Amino acid sequence: MLLLFVFLASLFLISTQETLMKNDSLSLSFPLTSLPHSPQTSPNFYSSFISQTRKTPAHKSAASSSSPFNYRSRFKYSMILLVSLPIGTPPQSQQMILDTGSQLSWIQCHKNVHRKPPPRTVFDPSLSSSFSVLPCNHPLCKPRIPDFTLPTSCDLNRLCHYSYFYADGTLAEGNLVREKITFSTSQSTPPLILGCAEDTSDDKGILGMNLGRLSFASQAKITKFSYCVPTRQARPGFTPTGSFYLGENPNSARFQYISLLTFPQSQQMPNLDPLAHTVALQGIRIGNKKLNIPVSAFRAGPSGAGQSMIDSGSEFTYLVDEAYNKVREEVVRRVGPKLKKGYVYGGVSDMCFDGKAMEIGRLIGNMVFEFEKGVEIVIEKERVLAAVGGGVHCVGIGRSEMLGAASNIIGNFHQQNLWVEFDIANRRVGFGKADCSRSV
């Protein structure tokens, strides 16, 4: 799938090069920024599922393709969550999009020896003493690695080449490499498997944080991480900044937790992502009205359709038709005459409006996502609508079937001013209200 983002990050990490860290009381922090990545022509969707149905394109030779990385898609990048991490030895600061919905982490690499100096924000492997490229005979270059379906092949230099399809069809490709994250002279990760991509249109990579064994969290043995997404305040010269933690979060005493749902690796269903952070969404309220959506719409059925997940890499929230139609029905009941007729934003959302967003938001009321144990995500009426450009505002929800993914995906738009903690060791997710631009 494909989507984007940036934050204030706090990191809990490693004390040696062999393991990230065994002292759970330690944490490190980095700024995390919420940033528009491109003109807002449609919601971003940069994560969650790798398309299993698409055929891997034939690998082009170096001579036939100057830019093997293809970013082009009808789902344009807009709001992304970005964190800068120190990659390599000595470290080079690299901007990476925080994505809890995908596995492979990758960075943009500079490999063109004829182009000097390299772009300042792109990683230069020649400057790092800890960088190495995976050869073709590495086990990861063999097909059908358990729980890692990344298509790999040999390139013309006998190096391991990967091709990664996201749900909207966007292709990421490059070489698999080993590199460490160096936080200080005494703190670094062991060498991690990363993607090393060449692309002339962007300098940002992806920090894959799903449950896969080759995600950044899994490889670095991080048992807990959290982030706080700031609100989108469009003030000139102001960049909203939140927080990102690896390890213990000093605010966690007030978090409310829900269980992560897990699926056996042997459970093969075409619409299921077994490595996503899946939760038991129970229902949706608008104002004080509980919508008549059966709980089964939020659960993975026999084909895997209906799975509900938390995804930092998706901008909008996406719902299966059974749930989306009920949300739209209630929105129409409350503000139908104000709908922008015949308008569908990004091909996924037809709940859009011209006019005063605050007034329309008040008419719609608060929106609430309900979970087990009374835990809720409350989207206050002032933030129900997303500005999408040209004076148009849309309810930040799209139809997931338009992405080719029959799932319920809670995106970063509905995670504003909210601590979200992924406690992987205890298989749970925590939520806590916050002013994310002031949280530390």
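Which strands does helix H2 lie across, and at about what angle does it run to E16? The views below take up that question and a few others, all in a predicted model.

**View 1. Helix H2 lies across two strands.** Here helix H2, residues 321–335, crosses over strand E16 (283–286) and strand E17. Relative to E16, the helix runs at about 5°.

**View 2. An open sheet is built from four strands.** Follow the order E17-E16-E21-E22 and you will find antiparallel pairing. Strand E17 (289–290) and strand E22 (376–379) are at the edges; each has a single partner strand, so one side of each has no neighbour in the sheet. Looking closer at one pair, strand E21 (residues 367–370) is joined to E22 by four bridges, and these two strands run antiparallel. Val-368 is a handy place to start, as its bridge partner in E22 is Val-378.

**View 3. The largest nonpolar core holds 69 residues.** Which of its members touch the most others? They are Phe-244, Ile-364, Phe-371 and Phe-431. Helix H2 gives this core its largest share, five residues. At least three residues come from each of domain 1 (29–34 + 77–222) and domain 2 (245–433).

**View 4. Phe-431 is shown with its contacts.** Neighbours within four places in sequence are left aside here. Among the residues in contact with Phe-431 are Phe-255, Ile-258, Ile-310, Phe-371, Val-375 and Ile-377. Leu-418, Trp-419 and Val-420 also touch Phe-431, and the contacts include Arg-254 and Gln-256 as well. Apart from the largest core lies another one, of 17 residues, including Leu-134, Tyr-162, Leu-176 and Ile-193.

**View 5. A cis peptide bond joins Thr-89 and Pro-90.** Omega is about -5° at this bond. Pro-90 sits in the loop that links strand E3 (79–87) with strand E4 (92–99). As a point of reference, most peptide bonds are trans.

**View 6. Lys-221 and Asn-417 have positive phi values.** Most residues other than glycine have a negative phi, so positive values are worth a look. For Lys-221, phi is near 60°. This lysine belongs to the loop between helix H1 (216–219) and strand E12 (224–228). Is Lys-221 buried or partly exposed? With a relative accessible area of 49%, Lys-221 is partly exposed. Asn-417 has phi near 50°, and its place is in the loop between strand E26 (408–410) and strand E27 (418–423).

Definitions and conventions
Residues are numbered from 1 along each chain as its sequence is written. This is a predicted model: local features need pLDDT of at least 70, side-chain atom pairs count only at pLDDT 80 or more; totals for chains, interfaces and linings use all residues. Side-chain values use heavy atoms; hydrogens and water are left out. Buried means under 20% relative accessible area, exposed over 50%, partly exposed in between (1.4 Å probe, protein chains only). Two strands pair if DSSP finds at least two bridges between them. Contact means heavy atoms within 4.5 Å. Axes are lines fitted to C-alpha atoms, for helices over the stretch in contact, and angles run from 0 to 180 degrees between N-to-C directions. A nonpolar core is a set of buried Ala, Val, Leu, Ile, Met, Phe, Trp, Tyr and Cys residues joined through side-chain atoms within 4.5 Å. Domain bounds come from an automatic or database domain assignment.
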